[in-house]
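Hi there,

Here is the structure I promised to pass on to you. Please have a look at it first, and then read on for what turned up in it.

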Amino acid sequence: YLERANLFIVPLDDRREWYRYHRLFADLLQARLRQFPPFAPSASGGEAALHRRASAWYEQNGLLAEAIEHVLAAEDFERAADLVEQAAEATLMRSEVATFLRWVDLLPDDLVCARPSLCVYHAWALLVSGHPWATIASRLQDVGEADGAPGEATALHAFISIFRGQIARAAELSRRALEQLPAEDRFSRGIAAWSMALSQFAEGNAVAGRQMLDEVIRVGQGTGNVMLVVFALCHLAELSIAQGELHKAQALYEQALALATDAQGQPLPIAQMALIGLGELAREWNDFDAALRCLNAGIALAGRWSLAGTMDAHLSLARLRQAQGDADGARREIERATDLAARFDVTEFDDLSVALVQAQLWVAQGEREAVWRWVEERQVEQDIEPVGPLQGEVAIDYRLHKYEQLVLARLLLSESRFTEALALLDRVQTKMEQRGRPGRVAEALALKALAFRALGDAAQALVCLERALALAEPEGYMRLFLDEGAPMRSLIGDFRFWIAKRAQQAGRQPDLLKYADKLWAAFPTVEAAAAPPIHDRQSAIPEPLSEREREVLRLLAAGMSSTEIAEHLVVSVNTVRTHVKSIYAKLGVHRRLEVARRAEELGLL
């Protein structure tokens with residue numbers, strides 16, 4: 001009757017067995033309750049007794065979260081601590097970190113300290129949610145040192161060692177934890193296995209690391225450990241991105257996102273990781289609308305999972321704003337990322353990653369002095385050749401150094417130091433090839449192409465660009481080229497004409513031509529359809545080019561020699577030279593290097 005009359009109740013299931021009061025009516029009833037003498041605030045134990053009864057009922061029916069809320073309201077902290085410890089594993093495996101931290105914060109600290117397992121869970125939750133190291137360290141004192149701690153604490157110390165780049169220590173602690181922990185300890189065993197897998201990857205044992213992550217996923221799915229499975233899937237996605245497999249990464253992130261969803265279709269807190277990963281992929285594919293949706297959705301989960309985890313989202317947004325021409329917006333996002341990295345002081349890696357993106361943006365914004373200060377501070381010009389195993393700060397520096405040198409290469413290009421840039425890019429390309437990083441190899445080749453073109457070696461520039469495009473085309477990289485701006489647009493324009501000629505001779509259109517056309521159209525310039533007709537553009541020069549001269553001009557701009565042009569057009573070399581001389585006169589240039597630039601300015605290509 002109440003439901004049909006829509007009186008104060010809300011159904012909670014499809015079978016109409018569970019209901020709750022409307023929030024306002026519930027508030028009214030609770031206010032009335034407190035007006036009765038047995039339950040008035042001045043009465044002893046009245047309302048608290050009801051909370052204890054409610055808590056006991058919820059516990060008996062397997063609803064621990066609700067039981068905890070009522071026992072905390074009753075301020076029965078001893079029993080609350082017991083229930084929080086009992087619920088910790090399941091709560092954290094659902095990634096409800098904020099809920100768990102709130103429960104612990106409401107408990108007296110002496111009760112928490114008396115429970116070693118609860119201390120471990122608390123320290124772990126503080127770590128992943130991005131709390132300062134001082135707070136985490138304070139709780140770790142209650143756990144004990146790694147060398148003498150029980151298995152749960154050993155697994156936690158292994159996880160912390162991964163954050164700090166202490167790879168060998170992480171591997172040893174993970175192994176020890178797995179030996180100590182009972183099979184039924186799903187949470188700590190999962191953390192130890194996860195840390196062991198990451199240590200294998202860091203030591204270069206990719207096959208062993210992948211096998212261990214696959215096992216982590218299998219066991220996590222079997223035990224309902226959503227958090228650990230999403231961790232593993234997102235890490236595999238990051239590895240796929242590093243190996244240039246963007247579409248594989250997308251599939252892994254989407255699989256993780258599907259798992260990180262509750263029965264009502266709402267994202268669990270751990271979905272943050274998958275959303276931010278998908279946002280970065282969308283940004284690379286130049287889909288800014290999708291990138292904004294995913295990144296903002298990931299940031300919105302910060303309060304339930306990790307504020308520090310949103311740092312990557314703000315870095316992606318900074319690059320996106322820069323691509324949109326919003327330099328102020330890019331600075332704001334970098335400031336947010338810098339603040340988050342400073343708060344999370346367990347590792348230096350995040351601070352250095354933010355500084356790397358900041359340097360990229362400074363190059364794009366023409367802040368060269370700031371970039372040079374960063375180069376000197378990070379010693380980017382020196383090649384790092386580590387001796388012995390990579391540990392701690394050395395491991396972090398070595399991991400970032402190749403990417404930092406790509407920023408230095410852009411800085412050298414911006415200062416017209418093309419020969420120096422080429423020498424640096426050769427070294428970076430070799431390292432990226434050795435590490436199996438095709439996306440970064442393509443980036444190095446693209447920058448080399450710009451350097452060769454600036455030096456007047458158009459043929460070598462086109463060869464480098466062709467190799468870069470061949471590596472990038474299968475996975476659809478876009479921002480890798482678009483972020484280089486007008487010089488890259490001009491070079492891709494030359495490439496389109498050059499490869500179109502080759503395709504005409506071969507009688508088929510290659511995929512690279514379609515890809516180059518897609519990139520060309522994506523640059524933020526006036527669309528070709530809106531450009532003035534060729535005869536209008538030619539009005540900018542005293543005497544228009546003839547049809548044959550325009551054809552020769554395109555071949556010149558593509559880097560062909562007079563002999564090659566003659567062969568293509570089936571004319572004599574002297575005829576070509578005559579056309580070239582006429583083109584020079586009409587465009588007001590005196591050297592081959594100036595022809596392409598002038599023609600580009602006039603829109604004749």
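A good place to begin is helix H2, which supplies seven residues to the lining of the second largest pocket, the largest share of that lining. Please keep in mind as you read that this is a predicted model.

The second largest pocket holds about 1400 Å³ of space. Its lining is made up of 36 residues, and those closest to the centre are Arg-20, Arg-23, Tyr-58, Glu-66 and His-70. Besides helix H2 (46–60), the elements that give two or more residues to this lining are strand E2 (19–21), helix H1 (23–33), helix H3 (64–73) and helix H5 (97–105). Sorted by class, the lining has 16 nonpolar, 14 charged and six polar residues.

Next, the enclosed space. A search of the whole structure turns up one cavity of 30 Å³ or more, and the volume of the largest cavity is about 30 Å³. Around the largest cavity you will find Val-120, Trp-124, Glu-152, Ala-155, Leu-156, Phe-187, Ser-188 and Ile-191. Helix H7 (116–128), helix H9 (151–163) and helix H11 (186–202) are the elements that each give two or more residues to that lining. By class, six of the lining residues are nonpolar, one is polar and one is charged.

Trp-124 comes up again in the largest nonpolar core. That core has 160 residues, and the members that touch the most others are Phe-100, Trp-124, Leu-465, Phe-481, Met-488, Ile-492 and Phe-495. The element giving the most to this core is helix H13 (residues 226–242), with 11 residues. If you would like one residue to zoom in on, try Phe-100: leaving aside neighbours within four places in sequence, its contacts are Val-84, Ala-88, Thr-91, Leu-92, Leu-118, Tyr-121, His-122 and Ala-125. There is also a second, separate core of 11 residues, with Met-311, Ile-334, Val-357 and Leu-361 among them.

One last stop is Arg-378, in helix H20 (residues 368–378). Is Arg-378 buried or exposed? Arg-378 counts as buried because its relative accessible area is 16%, and the cut-off for buried is under 20%. Not counting residues up to four places away in sequence, Arg-378 touches Leu-352, Asp-397 and Glu-404. With Glu-404 there is also a polar contact of 2.9 Å between the two side chains.

Enjoy exploring, and do write back with any questions.

Best wishes

Notes:
Residues numbered from 1 in each chain as written. Predicted model: local features only at pLDDT ≥ 70, side-chain atom pairs only at ≥ 80, totals over all residues. Heavy atoms only, no water. 1 Å grid on protein atoms, 1.4 Å probe; cavity = no way out; pocket = protein on both sides within 12 Å on 5 of 7 lines; lining within 4 Å. Points joined across faces, edges and corners; volume = space filled by probe spheres on them. Helix = DSSP H or I, 4+ residues; strand = E, 2+ residues; numbered from the N terminus. Nonpolar A, V, L, I, M, F, W, Y, C, P; charged D, E, K, R; others polar. Core = buried A, V, L, I, M, F, W, Y, C linked by side-chain atoms within 4.5 Å. Buried < 20%, exposed > 50% of the residue type's maximum accessible area, 1.4 Å probe, protein only. Contact = heavy atoms within 4.5 Å. Polar contact = N/O pair within 3.5 Å; in protein donor to acceptor, adjacent residues only side chain to side chain.
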